[in-house]
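Welcome, and take your time with the picture that follows. We will walk through it step by step, beginning with one helix and moving outward from there.

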Amino acid sequence: MQDRRDPNRGRRAPADRRPGYRTDPRGASRPPRTGAGASSPLQDPTRRTVVKGLLGLGMGLGVFKLAQHQIFYRDVNMTRLEGRRLLTPTLYAKRGTLYDRNGNVLAASEECMNIALNTKQITDADAVVDALVDHLGVERSYAREKVGEDTTWTYVKMKVDTEVAEALLDEGLAGVEYEHAMKRVYPYGTLASQVLGVVGSDNVGISGLELQYEDELQGENGWMVRERAADGTYIAGGAYEKQDARDGSDLVLTLDINIQRAAEDALAEAVASSGANYGSVIVTDPATGDILAACSYPTYDPADLSTARTEDMNLRVVTDAYEPGSVFKALVCGMAIDLGLVDNETTFTVPAVVMAGDDEVTDVDDRDYTMTMTVREIMRRSSNTGMILVGEKVGADRFAEYVSDYGIGEKSGVDFPGENTGIVKERDEYDGASVAAMSFGQSVSVCPVELVRAVSAIANKGVMTTPHFLKSRHGEEEDWTAGQRRVLDEQTAEKVADMMLTVVDEGTGALGQVEGYEVSGKTGTAQRASEEGGYQENSYMASFMGFAPTSAPKAQVYVTLDGTAYNSSVAAGPFSTVMEAALDALGVKPTR
């Protein structure tokens with residue numbers, strides 16, 4: 001039977017007949033070129049070297065990056081991993097409470113909540129949006145934006161009242177989270193806001209006494225560590241560690257809330273009625289330096305800083321400085337009497353015009369004739385020309401020494417941030433007009449709290465005290481006696497105080513009288529300096545400084561009204577109102 005199988009089946013075909021091969025002209029067989037007849041790149045030694053190099057470089061870079069993450073960046077990566085795995089919320093310390101001298105709470109901290117979202121846990125986005133709008137009062141677009149974030153933790157609203165937060169949480173909506181926090185509350189609203197100051201969102205003081213005594217009030221925050229899963233939920237039995245917060249210290253201030261309220265009310269009315277741009281009041285006990293009240297107007301609401309102006313947050317009795325005007329005359333009289341150069345009844349022949357350098361100085365009553373005046377009469381009339389004669393008798397050298405002794409141009413020592421020390425010439429800067437101009441309160445810029453300190457030497461039998469706000473901490477009375485110093489002889493102080501009594505009883509300060517009490521005081525009206533040089537027209541600083549009772553003062557009050565038309569007595573009315581309230585609050589018995 002004929003075998004029909006292919007005789008070549010199972011045999012290898014000659015090289016020149018195998019598919020894909022062709023014969024070289026020289027008779028040798030070689031593989032075809034790829035593409036358009038070119039040889040394979042892998043057959044080219046140069047190209048093989050390049051390819052191997054690129055592969056090696058890629059592998060080297062991969063190993064290097066792996067080494068970076070495993071060795072060099074290991075700590076960073078572990079920190080990031082821990083940050084995603086562990087939640088470490090801050091446990092805020094309760095900030096210390098601020099009390100007035102009678103135990104009234106002026107500023108306190110209370111617990112609240114920060115509301116946040118874990119959007120990975122939200123199952124009903126619309127319900128969460130509705131709840132945020134209804135309970136927190138946020139805009140719907142804002143709530144929708146927050147719900148739409150892809151995160152395990154995003155804050156929605158900070159420092160939410162506990163009752164409001166709990167009402168939201170009671171709805172049991174998945175993804176709505178919270179953390180405990182603290183916020184500052186002010187039981188008396190805006191009262192004493194410039195003195196107390198405010199705290200920021202991080203519970204740190206940023207102005208006023210909140211800033212001044214930050215280290216005492218702040219305490220020390222605690223912390224908590226809780227382990228969570230990738231979706232942000234807490235792991236039962238996971239890592240947990242806690243460090244409790246240490247609350248801040250409570251402070252008792254020298255303020256009296258009743259005197260403070262009287263001062264703020266009287267000041268607001270005075271600014272409105274006088275047309276002033278703003279005003280200030282400070283009330284002290286001249287024997288101790290305790291500040292019983294201090295305020296500026298306009299003021300602000302510490303619970304709503306969105307409407308507050310920076311200038312309204314300033315306590316101007318500390319932060320501002322200006323020419324004091326005729327109030328300074330009391331200090332000049334103190335110099336002359338203390339040096340034994342004059343007495344209350346020493347007489348001067350006072351012309352209608354006196355030269356201060358190249359400037360002619362006159363009295364405000366437009367007197368055009370020469371008068372014989374005692375020092376008491378110069379004070380009673382507030383005569384500029386007469387006081388220049390007193391100042392010239394003191395002389396430039398001794399004048400400069402007493403200015404320094406009174407603490408003019410130096411920090412008063414008040415425990416409050418941002419004190420302005422004004423502008424005071426050094427003795428070698430005096431010119432021919434300096435003593436004359438300063439004698440009636442020009443050519444010197446003074447911060448109100450400095451002037452209060454200087455005049456306390458007259459009220460306190462010659463000893464100057466340091467104005468201050470802190471009364472006690474940790475149950476211990478604060479000692480402020482280190483800042484006291486004698487400036488005037490006791491008899492000198494009594495004589496000046498007696499002349500200031502005449503000013504209120506019979507002179508320019510008559511509107512500063514308080515029925516039933518002896519009041520010593522001095523009016524002041526200073527021109528406001530212009531930014532272009534010289535003085536502004538029809539813009540004055542009206543002021544009144546005084547203390548009562550004259551023989552044993554318990555309260556010293558300084559009122560300033562900035563930007564008034566010329567009226568030397570415009571500040572006397574509010575002075576009388578505040579002084580009467582202070583004497584009543586302090587329980588001072590009438591002296592007349």
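**A walk through the model**

In helix α11, the buried residues are K329, A330, L331, V332, C333, G334, M335, A336 and I337. What you are looking at is a predicted model, so please read everything below in that light. Nine of the ten residues of α11 are buried, so this helix is largely enclosed by the rest of the structure. If you follow the chain just past the end of α11, you come to G340, which takes a positive phi of about 75°.

Which residues of α13 does α11 touch? To find out, look at where the two helices meet. Helix α11 covers residues 329-338 and helix α13 covers residues 384-394, and their axes come within 9 Å, crossing at roughly 40°. The crossing of α11 past α13 is left-handed. On the α11 side the contact is made by K329, V332, C333, M335 and A336, while α13 brings N384, M387, V390, G391 and V394. Sorted by class, the residues of this contact between α11 and α13 are seven nonpolar, two polar and one charged. A general point about helices helps here: an α-helix has 3.6 residues a turn, so residues three or four places apart point the same way.

Now step back and take in the whole protein. It holds 18 helices and 24 strands. Of its 592 residues, 47% count as buried. Among contacts between residues at least 6 apart in sequence, 70% join residues at least 24 apart.

With that overview in mind, let us turn to the empty spaces. Rolling a probe the size of a water molecule over the atoms shows where empty space is left. The largest pocket holds about 640 Å³ of space. Its lining is made of 32 residues, and those nearest the centre are V361, N384, F440, Q442 and Q527. You have already met N384, as one of the α13 residues in the contact with α11. Several elements, namely β16 (359-361), α15 (434-439), β22 (520-529) and β23 (535-548), each give at least two residues to the lining of this largest pocket. The largest share, five residues, comes from β22. By class, the lining of the largest pocket is made up of ten nonpolar, 14 polar and eight charged residues.

The second largest pocket has a volume of about 350 Å³. It is lined by 22 residues, with A321, Y322, E323, S445 and R528 closest to its centre. Here β12 (278-284), β22, β23 and β24 (555-564) each supply at least two lining residues. The classes in the lining of the second largest pocket are ten nonpolar, six polar and six charged.

Strand β24 is a good place to pause, at T560. Is T560 buried or exposed? With a relative accessibility of 5%, T560 counts as buried. Setting aside residues up to four places away in sequence, T560 touches L267, Y278, G279, S280, Y322, M541, A542 and S543. Y322 is a residue you have just seen close to the centre of the second largest pocket.

Besides pockets, there is a cavity to visit. A search of the whole structure finds one cavity of 30 Å³ or more, and about 30 Å³ of space lies in it. Its lining consists of T284, D285, P286, G289, V452, R453, S456, T465, T466, P467 and Q556. Helix α16 (residues 448-459) provides the largest share of that lining, three residues. The cavity lining divides into three nonpolar, six polar and two charged residues.

Our last stop is the loop between α14 and α15, where V414 is found. V414 counts as buried, at 8% relative accessibility. Beyond residues up to four places away in sequence, it touches I291, V318, E419, V449, T466, P467 and F469. Two of these, T466 and P467, also belong to the cavity lining. V414 and F469 are 55 residues apart along the chain, yet their C-alpha atoms are separated by 7.6 Å.

The loop between α14 (396-405) and α15 also holds K425, which is partly exposed, with a relative accessible area of 26%. Leaving aside neighbours within four places in sequence, K425 is in contact with Y430, D431, S434 and S443. The C-alpha atoms of K425 and S443, 18 residues apart along the chain, are separated by 8.4 Å.

Definitions and conventions: Residues are numbered from 1 along each chain as its sequence is written. This is a predicted model: local features need pLDDT of at least 70, side-chain atom pairs count only at pLDDT 80 or more; totals for chains, interfaces and linings use all residues. Side-chain values use heavy atoms; hydrogens and water are left out. On a 1 Å grid over the protein atoms alone, a cavity is a set of points where a 1.4 Å probe fits but cannot get out, and a pocket is an open set with protein on both sides within 12 Å along at least five of seven lines; lining residues have an atom within 4 Å of a point. Grid points are joined across faces, edges and corners, and a volume is the space filled by probe spheres set on the points. Helices (H or I, at least four residues) and strands (E, at least two) are DSSP runs, numbered from the N terminus. Ala, Val, Leu, Ile, Met, Phe, Trp, Tyr, Cys and Pro count as nonpolar, Asp, Glu, Lys and Arg as charged, and the others, Gly among them, as polar. Axes are lines fitted to C-alpha atoms, for helices over the stretch in contact, and angles run from 0 to 180 degrees between N-to-C directions. A crossing is left-handed if the near helix is turned anticlockwise from the far one by less than a right angle, and right-handed if clockwise. Contact means heavy atoms within 4.5 Å. Buried means under 20% relative accessible area, exposed over 50%, partly exposed in between (1.4 Å probe, protein chains only).
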